[in-house]
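Here are my notes on the model you sent, set out as numbered points so that each can be checked against the coordinates. I have begun with the chain as a whole and then moved to particular elements and residues.

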Amino acid sequence: MDKAPNNRASLAKGAKDIAKEAKRHAAKNFSKAVDQASDEYSAHRSYNRFHNEDEEENNYNTYTQPDGHYADNAANDEEGASSDATEGHDDEDEIYEGEYQGVPAYNEGKTKDGQVALGQPVSDSVKSRKELENERQADEEELAQQYELIMQECGHGRFQWQLFFVLGLALMSDGVEVFVVGFVLPSAETDMCVPNSGAGWLGSIVYLGMMFGAFFWGGLSDKVGRKQCLLISMSVNGFFAFLSSFVQGYSMFLFCRMVSGFGIGGAVPIVFSYFAEVLAREKRGEHLSWLCMFWMIGGIYASAMAWAIIPHYGWSFSMGSAYQFHSWRVFVVVCALPCVSAVVALTFMPESPRFFLETGKHDEAWMVLKHIHDTNMRARGEPERVFTVNRIKVPKQLDELVEMQNESANPVLKVLFKIKAELRGIWLTFMRCFNHPVKDNTTKLAAVWFTLSFGYYGLSVWFPDVIKHLQADEYASRVKIHNNERIEDFTFNFTLENQIHRNGAFMNDRFIGMKFKVVTFIDSSFVNCYFEDVSSVGSIFKNCTFVDSFFYNTDIDDNKLKSSKVINSSFHHNKTGCQMTFDDDYSAYWVYFVNFLGTLAVLPGNIISALLMDKIGRLSMLGGSMVLSGISCFFLWFGTSESMMIFMLCLYNGLSISAWNSLDVVTAELYPTDRRGTGFGFCNAICKLAAVLGNLIFGSLVGITKAIPILLASAVLVGGGLVGLRLPDTRANVLM
């Protein structure tokens, strides 16, 4: 009697074994079908094979519905149409080969070569790391060819133009950030009473923030995605840029601008990587060049806003003497608007489909590509056209050794551990940029980025400073000098400007509601004088004596009384902070106008580079533009007037912009997708480092000599152009 139940149990066990064996055979057939499809695609370079289901010897799941849902075939019908989430479980929830069973031991979970579990990748436990990397390289090459065909089917239309304007706003924010530094520097340092020893830190610290930001955000975009990283980096920039307009202390202002620069540093590497990955080969060079125009638009926007806002102090307000909100702070707020607009618009855009494929997210990539296709087809008036791609090659995903963190650990420690893991991943990806075959390209690109940035930013600082130096010489030549004058019982209620008073005697005089603008009193005496509502800019009293004098609501303090004596005199309700005015200040308008012209001068170069990028090639344009820019520097010998220097500035900017555009295109195309953000971020970090060095070196040579800046700029630009000509031509390449 006991044998009957045993026989039934044996029969049930045998049936289960037969079912398991049938599933194994189905897995083998599925693997053969996948391998056959891959081999046929490699031979014919076409993905048409993947959607001809009727010609397949073995059925397998494909995307067949235009709305992006799965159409399960016979394999799933026999198992009750089970979904991918439940595949691998029989009725009694028993485990079979291919189902995830946790982290296996060394000898557990190994499968035979070529054997797969249904819906799971091939077991790689018996393969070396080198073999796996070679397989991934082969998969990436195959994906590059197939992806190019897919983008051609998707077409170039409404979606690309939408993304073009959204990413353009982000790139515009980068241009605004660069120009904001130069425009607010004089006002901010004067408003916050920054001594000469601290002057100039604002320009350098913003570029340093952008340098670290470019490397960090560019590397992180290869880990977590283009859209997500760009959203976070732009949000950081917008928040701290807005905050910097309200802080009163110079050190806090520096910190906010540094973090703001750190955020915007990710714009350039991510924007070009993102946009390049949704463009077909024949459109990439031209449209990436058009995208560069937004950097110019950012410069024009910043110049125009500075011209319209900063000189008008009627836009300012104050809360007592402790809180001052001058017009330059309004300008900082206005310059944050493009960044805010970019963040809002970017939330409606999808992630890069190429990034999804590189990280093994086939379904998400397919949905984005279908969205691109359908958007463009609807815009063309062909909504009935169906996205025919069914299966896309996904590169082999290599496992990484990750240190596990205890779930019960402190939340702060978890955050620190996560940051440490991400930084380690960024560093490992960065080191791969120096592996074959991109090692030489990385070195050459870094050299070209450094030389072009050093020459461009160095001369960009040197040109305006030379113009200011010429203006200062002309202004000083018109100074009025008064010696041994004696003035009694006189009321000064007007502005004194550009004057020097030596050995003067002022007795019983009244200075009421007036201004000293660049006025110097030397060895002068003021006896029984009355000062009320007096403002001074660039004025000092050196070795002067004040006797029985009264000061009310003035900004005359110890900083302006150099080695002077104050005898039996009193100060009441002195103005706090550094007072500044732009009333009738021609030089302020002139500086903004010069920058506006210099930025506008790149428009012809932008148009020419966009139209010719795919015709004459990236390298010819890069090398030719840098060499011509270097040669144009020699014309600076003839810059003896303001008008001539402005013309030289416009000529140099117009010639160099083609080099910038072609360098952006080449950098985006030379790196493979899994390192594109990191490589571009590294090159852009080198660019910002060169900008800091260029500002320091060229700025120190203003008014000393012309020979060194001219020869130095010419040498680095010509040398960088020659190195750029040795880069590989990417015009005919698909995006790896």
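1. The protein chain holds 21 helices and 20 strands, and everything said about them here refers to a predicted model. Of its 736 residues, 49% count as buried. The chain exposes about 34,400 Å², of which carbon and sulfur atoms supply 60%. Among the contacts with a separation of 6 or more, 66% are accounted for by residues 24 or more positions apart.

2. In the largest nonpolar core, which has 139 residues, those that touch the most other members are L167, M234, F275, L291, F331, L445 and Y457. Helix α4 (residues 158-191) gives this core its largest share, 16 residues. A second core, separate from that one, has 19 residues, including V519, F521, V534 and I556. As general background, nonpolar side chains in soluble globular proteins tend to be buried together.

3. Two of the residues just named can be followed further. Once residues up to four places away in sequence are set aside, Y457 touches V178, Y207, W295, W660, C687, A691 and N695. F331 lies in helix α10 (residues 327-335), a mostly covered helix in which eight of the nine residues are buried. Besides F331, the buried residues of α10 are S327, W328, R329, V330, V332, V334 and C335, so that an arginine and a serine appear in this list along with nonpolar residues.

4. Two other helices allow a check on their length. Helix α7 (residues 250-264) has 15 residues, which at 1.5 Å a residue should span 21 Å, and its end C-alpha atoms are indeed 21 Å apart. The 18 residues of helix α21 (residues 707-724) should span 26 Å by the same reckoning, and the 26 Å between its end C-alpha atoms agrees. In α7, the buried residues are Y250, F253, L254, C256, R257, V259, S260, G261, G263 and I264, while in α21 they are P709, I710, A713, S714, V716, L717, G720, G721 and G724. When reading such lists, it helps to recall that an α-helix has 3.6 residues a turn, so residues three or four places apart point the same way.

5. An open sheet is formed by five strands in the order β7-β10-β13-β17-β20, with parallel pairing. The edges are taken by β7 (491-492) and β20 (570-572), and because each has a single partner strand, one side of each is left without a neighbour in the sheet. The partner of β7 that can be described in detail is strand β10 (residues 510-512), with which β7 pairs in the parallel sense over two bridges. Within this pairing, F492 stands opposite F511 in β10.

6. Strand β8 (residues 496-502) is mostly covered, with five of its seven residues buried. Four bridges pair β8 with strand β5 (residues 480-483) in the parallel sense, and six bridges join β8 to strand β11 (residues 515-522), again running parallel. I500 can be traced across both pairings, since I500 is the bridge partner of I481 in β8 and T520 is the bridge partner of I500 in β11.

7. Which residues does C544 contact, leaving aside its neighbours within four places in sequence? They are F521, I522, D523, S524, F526, S563, S564 and K565. C544 itself is placed in the loop between β15 (540-542) and β16 (545-547), and counts as buried because its relative accessibility is 1%. The C-alpha atoms of C544 and L561 are 7.7 Å apart in space, although 17 residues separate the two in sequence.

8. How many disulfides does a search of the whole structure find? The search finds zero. C683 is in no disulfide, and the nearest cysteine sulfur, that of C433, is 8.2 Å away. C687 is likewise in no disulfide, the nearest cysteine sulfur being that of C683 at 9.7 Å. C683 counts as buried because its relative accessibility is 0%, and C687 counts as buried because its value is 2%. C687 also belongs to the contacts of Y457 given above.

Conventions. Residues numbered from 1 in each chain as written. Predicted model: local features only at pLDDT ≥ 70, side-chain atom pairs only at ≥ 80, totals over all residues. Heavy atoms only, no water. Buried < 20%, exposed > 50% of the residue type's maximum accessible area, 1.4 Å probe, protein only. Contact = heavy atoms within 4.5 Å. Disulfide = S-S within 2.5 Å. Expected span 1.5 Å × (residues − 1). Core = buried A, V, L, I, M, F, W, Y, C linked by side-chain atoms within 4.5 Å. Pairing = 2+ DSSP bridges. Areas by Shrake-Rupley, 256 points an atom, 1.4 Å probe, with all protein chains shown as cover.
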